[in-house]
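The report that follows moves from charged pairs to cysteines, then to a surface patch and finally to one side chain in a helix. Please keep the sequence and the structure in view while reading.

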Amino acid sequence: LSLLVVFLFWWRLGSLGLIDPDEPFYALSSREMVQSGDWLTPRVFGEPQFEKPILFYWETSLCQIVFGDNEFAARVPGALAASLVVFLTWYIGRRLFTPLTGFLAAVVLATGGLFVVMSRLMLTDLSHTLFISAGMYCLWQAFHDDERRGRWLVALTVTSALSMLTKGPQGLVFTAMAGLGYAWLSGRR
């Protein structure tokens, strides 16, 4: 699974220039954040812009500090999030079903064409997916682990907050809808 992830998401990650209309926009905002030292206000050509919440800019800015101002650094957050989503899928699948189920689910996810393409672009979607997926797992555990319910609810709150800081309120809405639906259908509190 690790070899598959490295090959599909990380191999030659920065070899293609920024192509999607959003990639240069996000990269420039992150560059200006690093250069100005203002980690609270994303800017493009010196002008404040608030198209997306701040977390993705922070992720990219940190990668630019570590790896330099280049395409690889700009795309590390997406590749890292995709890798973590695949391993989270593997973990959840083996925990809830069998090790083979977890492995196959992770392979199916990792080899999905759109998932591979998205993992190699500088977009917020996979970071958002990571936090929503982790939140859904925390929600599931909160329903089923009576002993540690409080811990799972705290983890759910953190992952939902990170999701909101990545792409907006839908991170909370998805998890809330799933929780309400599951509670209603299962009769669980």
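R75 is buried in this predicted model, with a relative accessible area of 1%. Its partner E23 likewise counts as buried, at 0% relative accessibility, and the side chains of R75 and E23 meet in a salt bridge with an N to O distance of 2.8 Å. This pair links distant parts of the chain, since R75 belongs to helix α4 (residues 71-96) and E23 to helix α2 (residues 22-36), 52 residues apart. Because buried means under 20% relative accessible area, the value of 1% places R75 in that class, and the value of 0% does so for E23.

The structure holds six salt bridges, among them the pair just described and two others that are taken up here. D69 forms a salt bridge with R31, in which the closest N and O atoms are 2.5 Å apart. D69 lies in the loop between α3 and α4 while R31 lies in helix α2, so this pair ties together parts that are 38 residues apart in sequence. R43, in turn, forms a salt bridge with D38, where the closest N and O atoms are 3.4 Å apart. Side chains of opposite charge can pair when their charged atoms come close.

How accessible are the residues of these two pairs? D69 counts as partly exposed at 46% relative accessibility, and R31 counts as partly exposed at 32%. R43 is partly exposed with a relative accessible area of 24%, and D38 counts as partly exposed at 21%. The three salt bridges are set out below.

| Salt bridge | Closest N and O atoms |
|---|---|
| R75 and E23 | 2.8 Å |
| D69 and R31 | 2.5 Å |
| R43 and D38 | 3.4 Å |

Turning to the cysteines, the structure holds zero disulfides. C63 is buried, with a relative accessible area of 12%, and C138 counts as buried at 6% relative accessibility.

The next topic is the surface. Which residues make the nonpolar surface patch? V34, L62, I65, V66 and F67 make this patch, whose area is about 450 Å². Helix α3 (residues 55-67) gives the most to the nonpolar patch, with four residues; I65 has its place in this helix, and F67 lies in helix α3 as well. F67 counts as partly exposed, at 41% relative accessibility. Leaving aside residues up to four places away in sequence, F67 touches F72, A73 and V76. F67 and F45 are 22 residues apart in sequence, and their C-alpha atoms are 22 Å apart in space.

The last residue considered is T166, which lies in helix α8 (residues 149-167). Is T166 buried or exposed? T166 is buried, because its relative accessible area is 0%. A polar atom of the T166 side chain lies 2.8 Å from the backbone oxygen of L162. When residues up to four places away in sequence are not counted, T166 touches P53, L55, T124, S127, H128 and F131. The side chain of T166 thus combines this list of contacts with a polar atom placed 2.8 Å from the backbone oxygen of L162.

Methods: Residues numbered from 1 in each chain as written. Predicted model: local features only at pLDDT ≥ 70, side-chain atom pairs only at ≥ 80, totals over all residues. Heavy atoms only, no water. Helix = DSSP H or I, 4+ residues; strand = E, 2+ residues; numbered from the N terminus. Buried < 20%, exposed > 50% of the residue type's maximum accessible area, 1.4 Å probe, protein only. Polar contact = N/O pair within 3.5 Å; in protein donor to acceptor, adjacent residues only side chain to side chain. Contact = heavy atoms within 4.5 Å. Patch = residues over 30% accessible without salt bridge, like charges linked within 9 Å, V, L, I, M, F, W, Y side chains within 5 Å. Areas by Shrake-Rupley, 256 points an atom, 1.4 Å probe, with all protein chains shown as cover. Salt bridge = Lys/Arg side-chain N within 4 Å of Asp/Glu carboxyl O. Disulfide = S-S within 2.5 Å.
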